[in-house]
Amino acid sequence: MNRVVITGLGCITPIGSTVDLFRDSLFAGKTGIAPIAAVPDAPEGDPGVRYSQAAQIFDFDPAQHLDSGIITATNRNTQLAIVAARQAARQASLTEHHAPENIAIIMGCACGGRSSEESEVKKLYLANARAHPLTIVRTMSSAGASNISIDLRITGPTLDISTACASATHAIGMAFHMVRSGMTTAAIAGGHEAPLSWGFYRAWDSMRVVSPTRCRPFAADRDGMTLGEGAAMLVLETLESAQERNAPIFAEIVGFGMSADANHITQPQADGAATAMRKALADANISPGEVGYINAHGTGTQANDSTEAAAIHQVFGARAAKIPISSTKALHGHSIGASGALEALATTLALQEGKLPQNGDVTNPDPSLNLDIIINGPRPTGATIALSNSLAFGGLNAVIALRTWQ
């Protein structure tokens, strides 16, 4: 089987709309969480929810990147995907070195073009008005994958995976297996979401899982998640092709595991998350003792963080308390289907820099979890193996294992 390496990175996120800006914010602990901006269609822009913070992108102007026809035909979530994919493909010189039919595009997007759908439904319900003729192509979850294909003239396998908060990690894992097996020679994999609409804010408010303050994963006083938006992309290709053309190599993907809790639609189970981590380790042919960092799903809810901690203890036993762990959601928020891609990007940069990102906004980790939560700034590391966990509603779990490239 082929070894698979990452040769291109791209992102549009609340903490940076280039990888360099994302890296700077990640290691500086600079958060993108801020007061909710005026929400279209909501009365006076106020979504009327019990929380006031979200991780929004304020510096993205589609007109600076896309022509008017594409802007008209796409939702914001697709626009983020196209621009982030361009960044990654350009850095890897992807289409100059791989035939278009041998490149896969595997995206994670769970929410689709939600804001486009809501505005049309509003017109329908209030005025029995005709929906805009582009409503379907703006709202379908696969629009991001399709538009990346069109934009970059890539003709290989192209699809979207929708598994709630694990979507992007499933996408990266599936792309990894496709390149490793030789099905394709390269892939663009990642996730994108722009779900921050009035209805989305209100629906999450009703679940009572969004923080009234801000996301503080694994903190003793954690009180919920903070919603966000964003896109992040990785270019994957075989080690052989990367070395032949002297491409930049940021990290190696070595394993992928996935599982289902098969228990409850919103209550996570430690057994399911533990199974996904064990499968990722087995797929990578590495032992638990080799793992030097875990980028946790870490939403900041009581249920997720305690369950994920229990799963880590199941897998790593007595060593669990000594593995450095952080969740970067306190910085970039929880962007649902895109989260796994932002966290895979953070994990890749951590291995490349030899520096582990801190668990932002946390000063007092929950002692009952018995984990080594990184606080008070980034931590230097010699870790060579890291896991990135994604644990979704519906009990869908996905974990990728990455290795330092030297």
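Student: In this predicted model, with which side chain does the side chain of Ser390 make a polar contact?

Tutor: The model is predicted, and side-chain atom pairs count only at pLDDT 80 or more. The side chain of Ser390 makes a polar contact at 2.6 Å, and the partner is the side chain of Thr169.

Student: Where does Ser390 lie, and is Ser390 buried or exposed?

Tutor: Ser390 lies in strand E14, which covers residues 385-392. Among the residues in contact with Ser390, leaving aside neighbours within four places in sequence, are Cys165, Ala166, His297 and Glu343. The relative accessibility of Ser390 is 0%, and buried means under 20%. Ser390 therefore counts as buried.

Student: Is Thr13, in the loop between E1 and H1, buried or exposed?

Tutor: Thr13 touches Phe22, Ile57, Ala231 and Leu342, residues up to four places away in sequence not being counted. Its relative accessibility is 2%, so Thr13 counts as buried.

Student: Which backbone atoms does the side chain of Thr13 reach?

Tutor: The side chain of Thr13 has a contact at 3.1 Å with the backbone nitrogen of Ile15. At 2.8 Å, the side chain of Thr13 also reaches the backbone oxygen of Gly16. The atoms asked for are thus the backbone nitrogen of Ile15 and the backbone oxygen of Gly16.

Student: Which residues of helix H1 are buried, and against which elements do they pack?

Tutor: Helix H1 spans residues 19-28, and its buried residues are Val19, Phe22, Arg23, Ser25, Leu26 and Phe27. H1 is followed by Gly29, with a positive phi near 70°. The buried residues of H1 pack against strand E1, H3, helix H13, helix H14 and strand E11.

Student: Is H3 parallel or oblique to H7?

Tutor: Helix H3 (residues 76-92) packs with helix H7 (residues 143-152), their axes being 9 Å apart. The angle is about 45°. Because of that angle, H3 is oblique to H7.

Student: What is the handedness of the crossing in which H3 passes H7, and how many nonpolar residues does the contact have?

Tutor: H3 passes H7 in a right-handed crossing. Among the residues that make the contact are Thr78, Ala81, Ile82 and Ala85 of H3, and Ala143, Gly144, Asn147 and Ile148 of H7. By class, the contact has 3 polar residues, 2 charged residues and, in answer to the second part, nonpolar residues numbering 7.

Conventions:
Residues are numbered from 1 along each chain as its sequence is written. Side-chain values use heavy atoms; hydrogens and water are left out. Axes are lines fitted to C-alpha atoms, for helices over the stretch in contact, and angles run from 0 to 180 degrees between N-to-C directions. Helices (H or I, at least four residues) and strands (E, at least two) are DSSP runs, numbered from the N terminus. Angles under 35 degrees count as roughly parallel, over 145 as roughly antiparallel, 65 to 115 as roughly perpendicular and the rest as oblique. A crossing is left-handed if the near helix is turned anticlockwise from the far one by less than a right angle, and right-handed if clockwise. Contact means heavy atoms within 4.5 Å. Ala, Val, Leu, Ile, Met, Phe, Trp, Tyr, Cys and Pro count as nonpolar, Asp, Glu, Lys and Arg as charged, and the others, Gly among them, as polar. Buried means under 20% relative accessible area, exposed over 50%, partly exposed in between (1.4 Å probe, protein chains only). A polar contact is a pair of N or O atoms within 3.5 Å; within protein, one must be able to donate a hydrogen and the other to accept it, and residues adjacent in sequence count only if both atoms are side-chain atoms.
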